[in-house]
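Open the model in your viewer and keep the selection panel at hand, since this tour goes from one selection to the next.

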Amino acid sequence: MRQLVALLALCIGPIFAATAKSPAIDSASFDANVKPILKNTCSGCHNPTLTSGGVNLLPYLDSATLADDRASWEKIYQKIESGEMPPRGIPGPRHRQAPQPQ
Ligand code: HEC
C-alpha cells in the first residue's frame, strides 16, 4: 500500500510541476497513471455520497481540474505525499483483487 501511494506521489509530482510553469497538461499521463489510483484508492471515501473530510474527489478524475482548481490539487498532493491519505490500513486495489483463502 505504501508503495502504491509513493507511486501515486511520483506520478502526480511531475505533472504538477509541469502545470505550475505552463497551462499545458499532460492529460494522457494523468489518465494513465493518476486517475486509476485516485479512483480505486480514494474515491471510496471521497465521493458525492461519502464526502469524508468534506472532500468529493470524483470531479478531480478530470485532468482539466489540474489547471482549474490548483488549490485543491495542492491539498490532495500534500495529503498523499505526507502519507496522511489514504489512511493507514486501507487495502489497496491489489489487496482487494487478491484471491481469498478457501
Ligand atoms: C478510508 C477512507 C479514506 C480513504 C480511502 C481516503 N480518505 Fe481522504 N479523508 C478521509 C477522512 C475520514 C478525512 C477527514 C479527516 C482527515 O482529514 O483526516 C479525509 C480527508 C481528506 C482530505 C481533506 C483534508 C483537509 O485537510 O481538508 C483530502 C484532500 C483527502 N482526504 C484526500 C485523499 C486522497 C487523495 C486519497 C487517496 C490517496 C484519500 N483521501 C483516501 C478518509 C479517506
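Begin by selecting the shell around the ligand and colouring it by class: in this predicted model, that shell holds nine nonpolar, five polar and two charged residues. There are 16 residues around the ligand in total, and if you label the closest of them, you will mark Cys42, Cys45, Ser52, Gly53 and Met85.

Which helices should you select next to see at least two residues of this shell in each? They are α2, which covers residues 27-42, and α4, which covers residues 70-81. With α4 highlighted, you have the source of the largest share of the shell, namely four residues.

Now zoom out and show the whole chain as a cartoon, where you can count five helices and zero strands, in the order α-α-α-α-α along the sequence. If you colour the 102 residues of the chain by burial, the buried ones amount to 17%. Among contacts with a separation of 6 or more, 52% join residues that are 24 or more positions apart.

Return to α2 and select the C-alpha atoms at its two ends, which lie only 19 Å apart although the helix has 16 residues, whereas a straight helix at 1.5 Å a residue would reach 22 Å. Next, centre the view on Val34, where α2 has a kink of about 40°, and then step along to the proline Pro36, which follows shortly after.

Finally, select Phe30, Val34, Leu38, Thr41 and Cys42, the residues of α2 that are buried. Two of these have already appeared on the tour: Val34 marks the kink, and Cys42 is among the closest residues to the ligand.

How values were computed:
Residues numbered from 1 in each chain as written. Predicted model: local features only at pLDDT ≥ 70, side-chain atom pairs only at ≥ 80, totals over all residues. Near = placed C-beta within 6 Å. Nonpolar A, V, L, I, M, F, W, Y, C, P; charged D, E, K, R; others polar. Buried ≥ 20, exposed ≤ 12 C-beta atoms within 10 Å, placed from the backbone. Contact = placed C-beta atoms within 7 Å. Expected span 1.5 Å × (residues − 1). Bend = angle between axes of the 7 residues up to and from the residue.
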